[in-house]
Amino acid sequence: MTGIHEDCRKFAAWLNKQVVSAAKGEGVTQSAVEPEGRFWLGRLETEAKVANSPFGDRSERMSPCAIGIRVRPVGQSPWRLDVSVVAHGWWKDRSTTPSSWRKTPRIEETQAITIPTSGVGTHTFVPATFNSLLANAVNSTDLSVGIRVEVEHGRGGAVELIISVVNESPEDSAVLADTGLYEVGLKISGIKTEPFLLSALPDSFRYDRRIAAYGINCGIEAIADGSIQSTDTVETNRPRPKYWCVESPIPDCSFSTLASKPIPSLETLVYAHAKWGQAEWSSEELDRRSIEESWSQSMRKEADHAAHEFNVESERMATGLRILQSNPMLLRSFMLMNAAMEISSRGRFPGWRPFQLGFILANLRSVLMDASETDTVDILWFATGGGKTETYLGLLVMAALHDRLTGKSCGMTAWSRFPLRLLSLQQTQRFADAIAAAEIIRRREGIAGESFSMGFFVGDSSTPNRIKIDPQPGEPDSLDESMPKRYQVLLRCPFCDHDLRMHFDRTRWRLLHVCDSDACPWPEDGLPVYIVDDEIYRFLPTIVVGTLDKVASISIQAAMRGFVAAPYGLCSVEGHGFAYSQRSDKKTGCLVPGCRGSRLALPMAANRFAPTFRLQDELHLLRDSLGAIDAHYESLLDHLELESSNIRPKIVASSATLTGYERQCKALYQRSGRVFPCQGPRASTTFWSVADEGTLLRKYVALAPRGATLEFAADRLLTTMQQLIRRLRDSPEAVCHEAGIDLANATALVSLFGTNVVYGNTIRDLDASARSLETQVPVQPLVTAQLTGHTPFEEVRDILRRLEHPEAEFNDRIHVVAASSMMSHGVDIDRLNSMVMLGQPLSTAEFMQATARIGRKFPGIVYVLHKMPLERDASLFRAFNSFVEQGDRFVEAVPITRRSRRVLERTLPGLIMARLQHLHEPASNGALTLISKVRQYFASNQIVPETELSSLVQMLTISSDLDLPLREEAQQTLRAFFSRINDPATAERFPNELFPTGVMKSLRDVEEQAPIYD
């Protein structure tokens, strides 16, 4: 039996060949419908029609009349070369009833031409034999082509030749119903050329920027004999990475070994890393490469800097190993973490990939709250699908275990944030699985303290902020029996994988995920998972996972104090949790409605409550106004935690891109940035991974629809793919024979390629695609689903369940998923192995993230339909191979600044109110909810605008001369605020009402950059 991975690769190649052939009309000799409305690749419109189009240059890209190849010839003129042209025509046979369309035989000619001069200009040639054969085939001279060679001077004065074949047929013909040409191809040979250098990228010792030629309205393929030919598709294969590429044996990274005897494996890893670096990054090796590869001085300097970064990485790992060897408590935490990850993995993977273990090892000092570590943001960088989520989960679980072993019996260890609406249900489930596994280990080991728990902190767009006794219409009602089910977050029980039910416990006032399995190791009624904001404040889960927009709640929610400092006390009523500031409806500060309990002392030292980690996923998405405003709130969080608990938290981030991270970290967190793992000495090789050219991760196919809309092309693609997969289902022997695959894998391939993803960059694109799917795809049944920001929460959960566990009958399954960027993060479904992308996403990072949803475990295929009227899409089509192969270098630098007066105008009210609630109110021993109370407190403690200004300047680090406008803005806002506070005639009652711009309630008030759930 052939391996399923190899058969997936073969099937993807076979599928692509069939799809492209159908789009071009290959193998079709007659048609009942006009070919112009059927075939959308390989067609050339007439030059006259393009010239008369009102769309100008865009018309040539949408429906070109010519294809060409741009080259740089070697030597001086005259240049001699052979030009081969191939095409088909179509003519309407009116002798039949009804009339039908017939295709001509393949018309081909190779013509030797000479370009006599290097002067700028156009040389025209007539392929007489070709045109004669074409005329005979359609019985008309109205079909004809011309060959043109343009001589241009490119950058640096180098001569460039553009060899084109042009459809010179008339726009209208008295004889022919269609004067277009089909399946057109162009090939040049017999001329020596030199490559172009990809101008969009700078020199680098890691990358090859050479491109043999550029296609004009087509792709190009360089052949081993030196010839260059046009292609209607631009295809490139992305190899699957291997996670160990050095000669020495791979260390035992299994969870079981690391949970019982970790030091030998870690020593092997650290030694291998150092030894590899000594060979690959030595001055001698870099000198050798510099000479052989003709590096510039800047490239050599870049290599020296990279070698230094590698040495720092190696030393950090060695330091982590030494700490483990000398710190029994940390070693035990590490071993128990591995035992937990073994449970959490459910057997899907037996251990760590080496880079994951290396990251944890390099960051062990942060678990010990080493002050020297908090000045740096450690960014986990690896290609999407490499295992970033599990890596930082391992670090956080280890930190939580270490907290319990060192006396932190409750409270938060980490707050993990995802950009706005990019937290997925699958990511949440992985967090829950890891935390549940850690809790199993904690109980097994008899470690004291509260149960490990998880909070899901996203707000009332998906889960309730609170559940009231007397809710308003539209708010969750505790008496509504259907209410709990609407808010199910987990897909299954994290302890035993059993199905869950939702229940609201009015006694404890908790919304519970309940597992009814008798075999579940969790002994209590409700799982330790909190999804209501008030419950998260009451119980302070070990790890809170949520969306970044909630950070603004720190300014308006006094009970959010537990995210930066200790609560005020513990409610005396069992199951009510922590208590906070007293309010008129919360006499003791307990958040349970109507609670009459008293406030008890905290169960541990107050300075242990503050979380030691803040984690930011998808760091590169914190940009523009979102990043600028979040930067101020990040400074606020640091300020409050330092003032309240004398702790500066460690910030860990993850990203699939590298561009501009140093500047971004400085702007966001006022910290330096550091990436793990370091890039290797070559583009496809690091110590941690190497491209395995023998295996396929995914095939990328760029397509430029001709004379057709993207919706039409997408419909044709989906129609062909669905017809082919159904043919495999119905005639497996025939298809398996054609594709060269094992018949025993046919059923698996139907499942792995039977669901197509249509990815749209805008809701408009997706809506248009959804409408087309309903009417334009002649395949029945066709079950479709949408995953966008408008998809209801319950529907998202159901779609993910169906995709992971498809129905037994193919006809009942989901066949097409129309998805927006909400799917580009955290969706890990092995069955998704084919995608049609409607245009290039606006950012390279989104392209990388979205396409990485395909081929997670098995080889997959991604079709990118370029919007050729857009210059960006057109230019990326021309360099698509380099774009895919060197995608990291195309990632746009993150535009962000924290020094914006307009941004400060928006954030100042929140910063001031947060200080009032979380620093001044605790010091006042009372409630500062009313202006009169604040006025009295300020007067008694001599708090004036200048004292608050000093704190804000320190918080935001705006003390330089360049920051004078920011300080003036802060000063004016504070003076106005204090003036209104001290005005007895002020009509407002509450301090937050004194700001004309209001206090931000959510970062979504600024910008919604992405849909809500994957």
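Reader: How many nonpolar, polar and charged residues does the lining of the largest cavity have?

Author: This model is predicted. The largest cavity holds about 70 Å³ of space. Met341, Phe349, Leu393 and Ala434 are among its lining residues, and so are Arg348, Glu390, Arg430 and Asp433. By class, the lining has four nonpolar, two polar and four charged residues.

Reader: Which helix gives the most to the lining of the largest cavity?

Author: Helix 9 (328-344), helix 12 (388-405) and helix 13 each give two or more residues to this lining. The top contribution is three residues, and it comes from helix 13.

Reader: Where does helix 13 lie, and at what angle does it run to strand 20?

Author: Helix 13 covers residues 425-445. It lies across strand 19 (414-418), strand 20 and strand 24. Its angle to strand 20 is about 160°.

Reader: Which residue is the bridge partner of phenylalanine 457 in strand 24?

Author: Strand 20 (residues 454-457) pairs with strand 24 (residues 543-547). The pairing is parallel and has four bridges. In strand 24, the partner of phenylalanine 457 is glycine 546.

Reader: Which strands stand at the edges of the sheet?

Author: The open sheet has eight strands in the order 23-20-24-19-28-29-18-30. An edge strand has a single partner, so one of its sides is left without a neighbour in the sheet. That holds for strand 23 (529-530) and strand 30 (672-676).

Reader: Which helix gives the largest share of the lining of the second largest cavity?

Author: This cavity has a volume of about 60 Å³. Asp534, Glu535 and Arg538 are among its lining residues. The largest share is three residues, from helix 14 (residues 533-539).

How values were computed
Residues are numbered from 1 along each chain as its sequence is written. This is a predicted model: local features need pLDDT of at least 70, side-chain atom pairs count only at pLDDT 80 or more; totals for chains, interfaces and linings use all residues. Side-chain values use heavy atoms; hydrogens and water are left out. Two strands pair if DSSP finds at least two bridges between them. Contact means heavy atoms within 4.5 Å. Axes are lines fitted to C-alpha atoms, for helices over the stretch in contact, and angles run from 0 to 180 degrees between N-to-C directions. On a 1 Å grid over the protein atoms alone, a cavity is a set of points where a 1.4 Å probe fits but cannot get out, and a pocket is an open set with protein on both sides within 12 Å along at least five of seven lines; lining residues have an atom within 4 Å of a point. Grid points are joined across faces, edges and corners, and a volume is the space filled by probe spheres set on the points. Ala, Val, Leu, Ile, Met, Phe, Trp, Tyr, Cys and Pro count as nonpolar, Asp, Glu, Lys and Arg as charged, and the others, Gly among them, as polar.
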